[in-house]
Amino acid sequence: MGMITITIDGQSLQARPGETILQAARRAGIYIPTMCYLSKTAPIASCRLCIVEVEGVEGFILSCQAKATEGAVIRTTSLALEEKRRDIMALYAVNHPLECGVCDKSGACDLQNKVLEHEVTSQSFAARDQKRVIKNWGMIQYDPSLCILCEKCVHVCNEVIGDDAITLYFGGYKSEVITKKGGDLECTMCGECIAVCPVGALISTDFKYRSNAWELTKIPAACAHCAAGCQLYYEVKHDSIANNQPEIKRVTNEFEFSTLCGAGRFGFDFANRVEGKDPIRFQRALDALMRADTIAFSGYITNEEALLLQQMKQARGYRLVADDVRGFQKFLRAFRATSGWTIPTATLSTISSADAIIVFGTLLKSDNPMARYHLTMAKRRHNAQTINLHPVEEVELAHLFNQQVKYEVGSEEGVMALLLANILNNADLPSQLRSWIDDLDVGNLSGDASFDEREQSLMMAKLRRAKKPVLILGPDLYEHPRAENIARMAGLLQRFSPFKVVLIPPTTNALG
């Protein structure tokens with residue numbers, strides 16, 4: 001389908017088929033205010049602030065929901081729109097003082113910004129105070145008296161994270177966010193609900209009252225906890241009391257474009273600090289380095305540490321050895337040899353747009369939460385069929401998988417052969433490959449792997465209608481004694497089936 005031509009505020013622009021007015025306007029750099037909109041979830045449509053006028057259509061239109069149509073003439077600003085938006089912001093601020101400086105969100109509050117933007121200088125609305133109890137959910141605190149019921153937290157938890165931990169209790173003016181199971185919050189504590197909250201209703205318990213937003217300096221960085229390398233900011237404060245050292249107070253992210261797990265958001269207490277250097281032990285370390293010709297290290301290091309190792313190699317001629325990185329390199333080379341790839345082309349967006357996903361050899365919850373979030377998006381948006389193959393069941397993520405197969409530890413090569421035999425069963429293959437597959441002892445492989453034929457049939461039934469299937473391979477496979485053989489079979493699957501293969505790296509930024 002071709003592009004759609006629309007006019008916004010006198011500017012003619014192109015919109016993609018199926019694109020909303022808000023999406024088209026944002027791509028063109030045209031501002032439409034929002035309070036509840038999140039680009040990574042379905043439109044929430046609770047704030048009504050994104051209203052626009054469309055020529056020939058009576059009343060106001062929600063630009064976050066309305067699709068762009070050929071020839072539409074749209075206005076984003078008018079006296080009527082501004083008056084309506086001012087009333088909306090006044091209603092939002094009915095529980096919030098217009099000049100607020102005591103809330104933890106002050107200085108970074110979207111409500112403050114929008115109240116100023118729409119010139120709400122007085123309050124004509126009033127409401128009876130309600131008894132609202134602050135909820136302490138471990139690392140997260142919820143204050144319902146500050147909540148504006150935008151539903152961002154609920155949507156990001158359900159549609160992106162996949163924890164399904166919170167929902168909205170509808171009780172008129174007594175409405176509030178509640179835990180789905182009642183009582184304590186049962187989730188993976190990613191804190192993304194804190195990030196998307198536009199006010200101070202959801203905050204980090206650890207950060208509470210530690211600093212004002214304007215006292216913090218944002219330092220851009222990449223998360224070092226897994227291979228996803230998610231974008232984040234270390235927010236630091238120069239504290240003269242604490243030895244004149246800048247201290248990390250919290251971690252934040254550009255939540256419209258990135259997502260953080262609990263490790264990335266809350267696990268920032270590993271900064272190296274020297275408290276009274278031991279000169280004897282330091283000298284021993286230097287002596288050991290002077291005698292050594294090889295340095296063995298883990299791939300779980302930062303880019304800065306990798307640079308230091310490289311500089312040491314250039315200066316002293318060290319041989320650098322990282323077994324986990326080397327194993328992945330060998331796996332990738334063997335995969336390329338049969339897949340036809342020169343470089344990997346599958347990405348995280350390949351996962352989120354899939355309609356069927358097999359996860360093999362990795363526990364996404366800990367190995368790569370970002371891949372897990374994209375799997376969640378595929379399931380929520382496309383009702384993707386999801387299958388997990390691993391010796392350990394993903395108990396906390398059981399609701400995200402249609403099928404879980406617990407195979408025997410060490411039988412990964414056999415499991416990959418069974419995948420190949422089932423998926424390529426009716427494919428048009430070169431004679432040599434067809435003969436190899438037909439000669440596989442499927443019964444023996446199934447028994448050794450504890451992956452019986454009933455489970456295989458169930459898996460294939462779920463994959464029958466898949467048009468955009470994805471196979472996610474993880475670190476368990478790279479460390480297998482016959483990893484290269486597994487990689488070659490995965491490459492054949494990529495080459496002769498509709499499956500796209502996504503490889504989850506085993507380490508952090510040092511791979512780059």
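Q: In which helix is Leu286 found?
A: This is a predicted model, so let's place the residue by its secondary structure. The run that holds Leu286 spans residues 279-291. That run is helix H7.

Q: Is Leu286 buried, partly exposed or exposed?
A: The relative accessible area of Leu286 is 35%. Buried means under 20% and exposed means over 50%, so a residue in between falls into the middle class. Leu286 is therefore partly exposed.

Q: What is the area of the nonpolar surface patch that includes Leu286?
A: Leu286 shares this patch with Phe282 and Leu289. Together the three residues make a nonpolar surface patch of about 230 Å².

Q: Why is helix H4 largely enclosed by the rest of the structure?
A: Let's look along residues 152-161. The buried residues include Lys152, His155 and Glu159 as well as Val154 and Ile161. Their packing partners include helix H5, helix H12 and strand S8. H4 is largely enclosed because its buried residues number 10 of the 10.

Q: Which residue with a positive phi follows H4?
A: Here the backbone gives the clue: phi is near 85 degrees just after the helix. The residue is Gly162.

Q: Which residue's backbone oxygen lies 3.2 Å from a polar atom of the side chain of Asn253?
A: Asn253 sits in the loop between strand S13 and helix H6. Asn253 counts as buried because its relative accessibility is 8%. Among the residues Asn253 touches are Glu192, Gln231, Arg265 and Ser258. The backbone oxygen at 3.2 Å belongs to Ser258.

Methods
Residues are numbered from 1 along each chain as its sequence is written. This is a predicted model: local features need pLDDT of at least 70, side-chain atom pairs count only at pLDDT 80 or more; totals for chains, interfaces and linings use all residues. Side-chain values use heavy atoms; hydrogens and water are left out. Helices (H or I, at least four residues) and strands (E, at least two) are DSSP runs, numbered from the N terminus. Buried means under 20% relative accessible area, exposed over 50%, partly exposed in between (1.4 Å probe, protein chains only). A polar contact is a pair of N or O atoms within 3.5 Å; within protein, one must be able to donate a hydrogen and the other to accept it, and residues adjacent in sequence count only if both atoms are side-chain atoms. Contact means heavy atoms within 4.5 Å. Patches are made of residues with over 30% relative accessible area and no salt bridge: like charges are joined within 9 Å, nonpolar side chains (Val, Leu, Ile, Met, Phe, Trp, Tyr) within 5 Å. Accessible areas come from the Shrake-Rupley method with a 1.4 Å probe; for residues, only the protein chains shown count as cover. A salt bridge is a side-chain nitrogen of Lys or Arg within 4 Å of a carboxyl oxygen of Asp or Glu. Lists of a residue's contacts leave out its neighbours within four places in sequence.
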